[in-house]
Each structure stands twice: as structure tokens, then as C-alpha cells.
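User: Please take one part of this model and describe it closely, together with what surrounds it. I should like a single connected account rather than a list.

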Amino acid sequence: MKLNARSLRSLFSVCLLGTVLVDAPLRAAEDTMAEPTQPVSTDQLHYLPAQQPDVVALLPPPPLPDSPEQAADLDEVRAVYHAAPSNDVVIAFSEKKFSVFNFTPAVGAFFQSNSLPKTAAFFERVQKDAAAVTDSAKDYYRRPRPYVIDHTLANGKLEKSFSYPSGHATESMVLALVLAELFPDKENAIIAEARDIGWHRVEIARHYPTDIYAGRVFARAIVRQMKASADFQKDFAAAQAEVALARHIPK
């Protein structure tokens with residue numbers, strides 16, 4: 001029987017399960033394989049239509065198991081992981097959960113959730129949409145995380161999802177791209193912060209570099225799709241007015 005590339009990836013994931021089951025430190029990763037992400041339903045989404053953006057049309061599949069490309073990707077994870085500054089590692093773990101207010105240093109001290117309730121609610125919806133479609137993409141590609149392949153990379157509480165594309169890279173860049181529309185004068189600092197959030201995930205071996213790059217590409221498609229939504233435009237305008245008032249800038 002001849003197997004296509006996707007079948008081979010699925011077979012490889014199944015084989016990995018046997019390895020994970022016998023390795024106690026990786027039991028959190030085992031949970032992921034046993035409980036794949038459910039498809040995104042339309043009632044979970046605020047600004048995106050069902051099945052859009054189409055991740056399969058946008059992103060190439062990740063490197064094939066046992067390919068030279070996969071080996072090079074894993075080697076880079078090892079190199080980055082072992083060279084990561086201790087401060088970056090602390091920051092990376094602190095970013096396990098993050099929001100648009102992680103960007104406050106790039107935007108300004110006035111940018112606080114307690115003084116910007118409409119803005120906070122808007123960006124929470126944006127992030128939830130981005131997370132939902134990224135989880136669906138992860139479940140389609142089903143790429144095991146680096147520490148499932150190389151157990152020496154396992155550290156801390158392990159993730160309960162697949163690896164490609166990176167959720168942190170996608171969500172942070174979605175937030176950054178929308179936030180930069182609110183603060184065009186801060187765009188460079190905002191985008192740099194999103195890139196750091198994504199790359200920190202390689203430094204703690206949660207993702208491959210290719211996961212991060214794919215997430216950044218996917219983020220741009222997500223934002224383009226969101227901007228076509230009338231609800232997005234309405235909520236963006238409300239956030240824009242609230243931010244202008246907070247900055248004491250006449251609208």
C-alpha cells in the first residue's frame with residue numbers, strides 16, 4: 001500500500017504516542033495526542049467566517065518526519081534552547097498566557113485594561129478568534145512538539161496541543177497588527193514585541209522556528225479577513241475613540 005505525505009505524518013504521530021506513553025515527564029504531551037482539538041464552530045467566532053482564512057491554502061505543511069528539513073529544524077531548536085539567556089527563559093514562561101496589554105511598554109503607560117474597557121474587550125475577541133482558528137490549524141497538521149521528538153528538551157509544564165503553526169506567534173502578531181493600526185507611530189516597537197513573544201517559544205523548546213514563521217504569515221491572513229467584518233470595523237472604531245480619549249487626543 002502506497003502512503004501519501006499526510007498519511008505518513010499521521011502514522012508518525014501514532015508511533016510517537018507509544019514513545020510518549022512510556023516517558024513519565026511527557027505525560028502532558030500524551031494528553032494532546034489523545035484529545036485532538038475540535039473543529040471551530042461559527043458560534044465561537046466574532047470577526048471571522050467559518051473556514052476562513054483557509055490555513056491549508058495559505059501555509060505549506062511543516063517539514064516531513066525524518067526529512068533533512070525536519071532534522072535541521074530540530075537542530076535549530078536545540079541550539080536556541082541551549083543558548084537562551086536566563087532572562088529570556090523567565091520571560092518566555094511568564095508569557096504562557098498573554099494579552100494585548102503585554103504591549104503596554106511599546107505603546108505607553110496609559111494603555112491599561114482598567115482604563116480601556118472597550119479596547120480590552122475588543123482585543124480579547126480578536127485574540128479568541130485567532131486562537132480558535134490556530135487551534136484548528138494545529139489539529140489539521142498535527143505536528144508533534146520538539147520535546148516529543150527529543151525528550152531532553154522537555155522542561156516545565158508541557159503543552160497540550162500540537163506545534164504547527166505556533167499559537168503564540170499567530171496570536172501575538174494578530175494583536176500587534178491590529179494594535180499598530182491604533183498606534184501607527186508605535187508600529188515598529190509593537191511588531192518587535194510580537195516577534196519576541198513568538199521567538200521566546202523556541203527558546204524554551206515549545207516550537208520549531210518554522211512554527212513561528214508560519215504563525216506570522218497566518219496572522220496577516222487572519223487580520224485581513226477580520227478587517228472585512230462590519231462588526232470588527234464597528235468595535236475597532238469604538239476602541240479607537242476610547243484610546244484617543246485616554247491619550248487626550250481629540251478625535
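Analyst: The account below follows one helix, the residue before it and the pocket beside which it is discussed.

This is a predicted model, in which local features need pLDDT of at least 70 and side-chain atom pairs count only at pLDDT 80 or more, while totals for chains, interfaces and linings use all residues. Residues are numbered from 1 along each chain as its sequence is written, and side-chain values use heavy atoms, with hydrogens and water left out.

The chain has 12 helices and zero strands; helices (H or I, at least four residues) and strands (E, at least two) are DSSP runs, numbered from the N terminus. Of its 251 residues, 49% count as buried, where buried means under 20% relative accessible area, exposed over 50% and partly exposed in between (1.4 Å probe, protein chains only). Among contacts (heavy atoms within 4.5 Å) between residues at least 6 apart in sequence, 81% join residues at least 24 apart.

The part chosen is helix α9, residues 167-182. Its 16 residues should span 22 Å at 1.5 Å a residue, and its end C-alpha atoms lie 23 Å apart, which agrees; the expected span is 1.5 Å times one less than the number of residues. Because 15 of the 16 residues are buried, α9 is largely enclosed by the rest of the structure.

Ser166 sits in the loop between α8 (146-149) and α9, and at 0% relative accessibility it counts as buried. At the start of α9, a side-chain oxygen of Ser166 reaches to within 3.3 Å of the backbone nitrogen of His168. The side chain of Ser166 also makes a polar contact with the side chain of His207, at 3.5 Å. A polar contact is a pair of N or O atoms within 3.5 Å; within protein, one must be able to donate a hydrogen and the other to accept it, and residues adjacent in sequence count only if both atoms are side-chain atoms. Leaving aside neighbours within four places in sequence, Ser166 is in contact with Thr134, Lys138, His207, Asp211, Ile212 and Gly215. Asp211, Ile212 and Gly215 are among the buried residues of α11, and what covers the buried residues of α11 includes α9 and α7.

Helix α7 also holds Ala130, which is buried at 0% relative accessibility. Not counting residues up to four places away in sequence, Ala130 touches Glu171, Val174, Ile222 and Met226. Ala130 and His168 are 38 residues apart along the chain, with their C-alpha atoms separated by 9.9 Å.

His168 and Glu171 lead to the largest pocket: with Lys96, Glu159 and Ser161, they lie nearest its centre among the 19 residues that line it. The elements that give two or more residues to this lining are α7 (117-141) and α9, and α7 gives the most, with five. On a 1 Å grid over the protein atoms alone, a pocket is an open set of points where a 1.4 Å probe fits, with protein on both sides within 12 Å along at least five of seven lines; lining residues have an atom within 4 Å of a point. The pocket holds about 430 Å³ of space, a volume being the space filled by probe spheres set on the points, which are joined across faces, edges and corners. By class, its lining has three nonpolar, five polar and 11 charged residues; Ala, Val, Leu, Ile, Met, Phe, Trp, Tyr, Cys and Pro count as nonpolar, Asp, Glu, Lys and Arg as charged, and the others, Gly among them, as polar.
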